[in-house]
Every structure is written in structure tokens, then in C-alpha cells.
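Biologist: I am new to this structure and would like a close look at a single part of it. Could you take me through the largest pocket and then show me what surrounds it?

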Amino acid sequence: MAATKAGPVRWSWVPRALAIAFALFLGVFALDVFQEGYALGPLLLALLMHLVPSMLVLLALGVAWRWGRWGGWLFIALGAAYMAIFWHPARWPAYLIISGPAILIGVLFLLSGQPEQDHLH
């Protein structure tokens with residue numbers, strides 16, 4: 001019986017770890033604000049704006065950590081929203097790099113979700 005419980009528990013950490021790695025990956029793109037030569041105030045504002053995608057991923061991770069299915073759908077929605085907002089036929093590599101991981105993480109959360117934990121208490 002312990003072996004069956006260990007499987008889903010172990011797999012539930014895969015999308016969580018991928019979401020953390022994805023947030024860090026998106027955060028790397030915020031580092032370019034330091035090359036622009038801004039004063040401190042505008043620099044902090046630019047950094048905050050560049051970190052919005054990472055914050056959205058971390059917000060979705062927070063939801064998914066507690067409610068796996070809701071978080072899974074939220075990750076899928078984030079990936080779809082990126083494609084819808086920034087749609088251009090020539091940008092499919094960007095969609096693959098940005099939307100692909102978000103949708104994959106969402107699907108993994110949906111697959112690893114345990115129904116008994118997804119109910120609101």
C-alpha cells in the first residue's frame with residue numbers, strides 16, 4: 001500500500017519543480033534592465049515590470065500547490081494567453097519556449113492531481 005501512495009506523491013513534485021525552474025528561467029530575462037543605465041527609481045520599476053511573468057508563474061504555482069487541478073488549468077491558461085496576446089505567425093519558436101513549458105506544467109499538474117486534495121476545506 002505504501003508503494004502506491006509513494007508514486008503519485010513523487011510525481012506531484014515534478015510539475016512543482018518544473019514551475020520553479022520556469023519562473024527562474026523567465027526571471028533571467030529581467031536582468032537586461034541593468035544594462036539600460038536607469039536611475040534607481042526607474043530601474044526598480046523596469047525590474048518589477050520585467051518580473052511580472054515570473055510572478056504570474058509563481059502565483060499559478062501557489063494555486064497549483066494547494067489545488068492541483070485549478071493550478072493546472074491556470075498554467076494552461078497562462079500559456080494560451082501568451083500566444084493570444086503576442087500572436088504573430090513568425091514567432092512560433094517563442095511560443096514553444098514560453099507557452100510550451102507553461103502548458104506542459106499545467107498538463108502535469110492535471111495528471112498528477114489527487115482528487116481528494118482538490119476540494120476546498
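Modeller: Happy to help; here is a walk through the pocket, followed by the core and the aromatic rings.

Please keep in mind that this is a predicted model. To get your bearings, start with the overall layout: the protein has 5 helices and 0 strands, and along the sequence the pattern reads α-α-α-α-α. Of its 121 residues, 27% are buried. Among contacts between residues at least 6 apart in sequence, 62% join residues at least 24 apart.

Now to the part you asked about. The largest pocket holds about 480 Å³ of space. Its lining is made up of 19 residues, and those closest to the centre are Leu 26, Pro 53, Tyr 82, Phe 86 and Ile 98. Which elements give two or more residues to this lining? They are H1, helix H2 (40-50), H3, helix H4 (68-85) and H5. H4 gives the most, with 6 residues. As for the character of the lining, 16 of its residues are nonpolar and 3 are polar, while none is charged.

Two of the residues closest to the pocket centre, Tyr 82 and Phe 86, turn up again among the aromatic rings. Together with Trp 87 and Tyr 95, Tyr 82 and Phe 86 form one aromatic cluster.

Next comes the largest nonpolar core. In soluble globular proteins, nonpolar side chains tend to be buried together. The core here has 13 residues, and the members that touch the most others are Phe 22, Val 57, Phe 75, Ile 105 and Phe 109. Helix H1 (2-28), helix H3 (52-66) and helix H5 (92-112) each supply at least two residues of this core. H1, H3 and H5 are also among the elements that give two or more residues to the pocket lining.

Phe 75 is a good residue to click on. Leaving aside its neighbours within four places in sequence, Phe 75 is in contact with Ala 19, Val 57, Ala 60, Leu 61, Ala 64, Ala 102, Ile 103, Ile 105, Gly 106 and Phe 109. Two of these partners, Leu 61 and Phe 109, lead to another residue to look at, Arg 16. Arg 16 sits in helix H1, and it counts as buried because its relative accessibility is 12%, which is under the 20% cut-off. Not counting residues up to four places away in sequence, Arg 16 touches Leu 61, Trp 65 and Phe 109.

Trp 65 brings us back to the rings. The structure holds 6 aromatic pairs. A pair of aromatic rings is described by the distance of the centres and the angle of the planes. For Trp 13 and Trp 65, the centres are 5.2 Å apart and the planes are at 85°, so this pair is edge-to-face. The pair links distant parts of the chain, with Trp 13 in helix H1 and Trp 65 in helix H3, 52 residues apart. Trp 13 is partly exposed, at 45% relative accessibility, and Trp 65 is also partly exposed, with a relative accessible area of 38%.

One more pair is worth finding on your screen. The rings of Phe 25 and Phe 29 have their centres 5.2 Å apart and their planes at 80°, so they too are edge-to-face. Phe 25 counts as partly exposed at 35% relative accessibility, and Phe 29 counts as partly exposed at 47%.

Conventions. Residues numbered from 1 in each chain as written. Predicted model: local features only at pLDDT ≥ 70, side-chain atom pairs only at ≥ 80, totals over all residues. Heavy atoms only, no water. Core = buried A, V, L, I, M, F, W, Y, C linked by side-chain atoms within 4.5 Å. Buried < 20%, exposed > 50% of the residue type's maximum accessible area, 1.4 Å probe, protein only. Helix = DSSP H or I, 4+ residues; strand = E, 2+ residues; numbered from the N terminus. Contact = heavy atoms within 4.5 Å. 1 Å grid on protein atoms, 1.4 Å probe; cavity = no way out; pocket = protein on both sides within 12 Å on 5 of 7 lines; lining within 4 Å. Points joined across faces, edges and corners; volume = space filled by probe spheres on them. Nonpolar A, V, L, I, M, F, W, Y, C, P; charged D, E, K, R; others polar. Phe/Tyr/Trp six-rings, centres within 6.5 Å; stacked < 30°, edge-to-face > 60°.
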